[in-house]
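Student: I am new to this structure and would like a close look at one part of it. Please take me through that part slowly, and show me how it fits with what surrounds it.

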There are 2 protein chains.
Amino acid sequence: MRAVIYNGSLAFDPRHADPRVADGECLIGVHLTGICATDLHILDGYMNFRGVLGHEMVGTVLTGLSRWKGRRVVVEINCVCRQCDMCHSGLSNHCRKRTVMGISGRDGCFADFVAVPEANLHAVPDALSDEEAVFVEPLAAAYQVVAQCPVDPRMNVTVVGAGRLGNLVAQVLAEKGCKLTVIGRNAAKLLLCEKRGIQTIHVDEVVARADRDLVVDCTGSPGGLELAMRLVRPRGTIVLKSTYAKRAPPNLAPAVVNEVHILGSRCGPFEEAINALARGAVEVRSMISRVFPLEQALAAFDAVRRPETVKVLLRVK
Amino acid sequence: MRAVIYNGSLAFDPRHADPRVADGECLIGVHLTGICATDLHILDGYMNFRGVLGHEMVGTVLTGLSRWKGRRVVVEINCVCRQCDMCHSGLSNHCRKRTVMGISGRDGCFADFVAVPEANLHAVPDALSDEEAVFVEPLAAAYQVVAQCPVDPRMNVTVVGAGRLGNLVAQVLAEKGCKLTVIGRNAAKLLLCEKRGIQTIHVDEVVARADRDLVVDCTGSPGGLELAMRLVRPRGTIVLKSTYAKRAPPNLAPAVVNEVHILGSRCGPFEEAINALARGAVEVRSMISRVFPLEQALAAFDAVRRPETVKVLLRVK
């Protein structure tokens, strides 16, 4: 099969071995995939991953139980043991023995086929196009913010970063009716938020008054946390969505002095994301900057790095 | 008066100007003071403080309202405006305009006299010696941990750092009946914890299994947070008591991936600390390594830096 692999360098492999399908797994024929900041971080050494890249996808079930065969699906990325203390305590996304599609110990979906546990499948309603469904995984990660930190209309909330994830997190927060601003650098990305009725501020014009109840760092860089610590009020909350391969420089003393809550945040609830897209609460089509065929993955990765790019998709089928 | 000052370098000044006493303040005759890690950090540039050092003290009220005059007191260190948004919302320790005794914008207590707001005074019960009362301020900071993060007996809790603050935090946690371990480097300091019935582990023998519900970083160094991130379970809590002048190196990616709560923690409830000492729930006399007269403050600061030192006191009167 065709596949985009990382083995110390990024490559398109036109004749990669087909996936082996383990017990309890099924084979998915991939339609469309999305490139995420985590994919870029893997190229910088994050998680020491080697293999087929990719974890955002929509596809069709080709083999497996009859109730799934032929259905269009999106796929949770954490593949878990169901036996460790984390799985038993209801935190299976934190399974001690997990593999993570295209991120840790398991091939991803930038390929014609990918093998995944049947337990990870979610059916895609007919109302959703592939171009919408491919956003379910990152939108679920955005919903994780409000799952971890309840948001109400009185709250003064700021999202730092107006890119792919920042836009999705902002749309999720906007639905909660809080006082919301998004801080970003690129005018086109800020405009996308403005078009959804979300107030924006250019990062050069920010006056940090330490008055935000909640700040969500979606920058993907250590500078995001530093700005967040200047924005958040004493005893306020910072949700960290950013991971990066390199060491982070911030001195956390301001967070200690101001008794800030810093919450790490990763994967989220797929069903909420599917429902939000189905009822039109979150709009994603305007975020698609470019769609490349799988063969042009290297050009697609170059495009993702451009500051004006929001979302780049790889079309497989 | 005599005073220990920091003006870019540490000095003992035998003829420092007496404090000016503002409206609502009273003058305290200082008996006994404690040197804290924060005092050392100030010498490294923390908070850019200049003036009389010191914020842990017990003394006698010399001037002020009659109900306080002549009483033995300990003193809250945050001097607040009672008018800003933080004061109005019940978070006056985070007052926007606060000065902090010996730390920020206000002279401290390593001196014969110190002027403080009457609102900051707490009476010391006769049952407490000066040597115990001087621990009220750091013990209150230790109680802040359980004020911010409720602890119950099922919880697996680790304190990183067996020094002054680590010992106090461990004693506060031990009283909650949780499964507690203290990690430290110095054998004598670990023994002090063992004598209170607290299990200890030398830092070289730690096997980090990411299974602690709560980890409290009392190391005063960036390495404490790195170890805490390896000890804490997914979705567990790290309480950060460490501030330092230098930039901190940790990469927070593990805290994002494991969705850890990081809670900054600073000053705490004085009355709980006074009560705990009065009823003997916390023992502090064994922590006193040396007592120096005020004139020998420079030697005292040298003593604090030795690895085997726990608490160093400065006797003023």
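Tutor: What follows looks at one helix, and then at the domains and chains around it. This is a predicted model, in which local features need pLDDT of at least 70 and side-chain atom pairs count only at pLDDT 80 or more, while totals for chains, interfaces and linings use all residues. Residues are numbered from 1 along each chain as its sequence is written, chains are lettered from A and ligands numbered from 1 in the order in which they are written, and side-chain values use heavy atoms, with hydrogens and water left out.

The part I have chosen is helix α7 of chain A, residues 222-231, where helices (H or I, at least four residues) and strands (E, at least two) are DSSP runs numbered from the N terminus. Seven of its 10 residues are buried, so α7 of chain A is largely enclosed by the rest of the structure; buried means under 20% relative accessible area, exposed over 50%, and partly exposed in between, with a 1.4 Å probe and protein chains only. The buried residues are A:P222, A:G224, A:L225, A:L227, A:A228, A:M229 and A:L231. Their cover in chain A includes the strands β12 (156-160), β13 (179-184), β15 (212-217) and β16 (232-240), together with the helix α8 (253-257).

To place this helix, consider how chain A is divided: domain 1 takes 3-135 + 284-315, and domain 2 takes 139-264, with bounds that come from an automatic or database domain assignment. The C-alpha centres of these two domains of chain A lie 26 Å apart, and their contact (heavy atoms within 4.5 Å) takes 17 residues from domain 1 and 14 residues from domain 2. Between them they bury about 1,300 Å², 58% of it on carbon and sulfur atoms, where buried area is the accessible area (1.4 Å probe) that two parts lose on being put together, summed over both. On the side of domain 1, A:H41, A:M287 and A:V310 supply 37% of the area buried against domain 2 of chain A, more than any other three residues.

Chain A also meets chain B, and this contact takes 43 residues from each of chain B and chain A. The two chains bury about 3,400 Å² between them, of which 54% is on carbon and sulfur atoms, and B:V256, B:V257 and B:E259 supply 17% of the area that chain B buries against chain A, more than any other three residues. Across this interface of chain B and chain A there are zero salt bridges by the rule, which asks for a side-chain nitrogen of Lys or Arg within 4 Å of a carboxyl oxygen of Asp or Glu. The α7 helix of chain B (222-231) is among the elements that each supply at least two residues of the side touching chain A, as are α4 (136-148) and β17 (261-264) of chain B.

Finally, a rotation of 180° with 0.0 Å of shift along its axis superposes chain B on chain A, with an RMSD of 0.0 Å, the fit being by least squares on the C-alpha atoms of residues with pLDDT of at least 70 in both copies. The two copies are thus related as by a two-fold rotation axis. In chain B, the C-alpha nearest that axis belongs to B:I262, 2.4 Å from it. The same surface serves both copies, for 100% of the contact residues of chain B recur in chain A.
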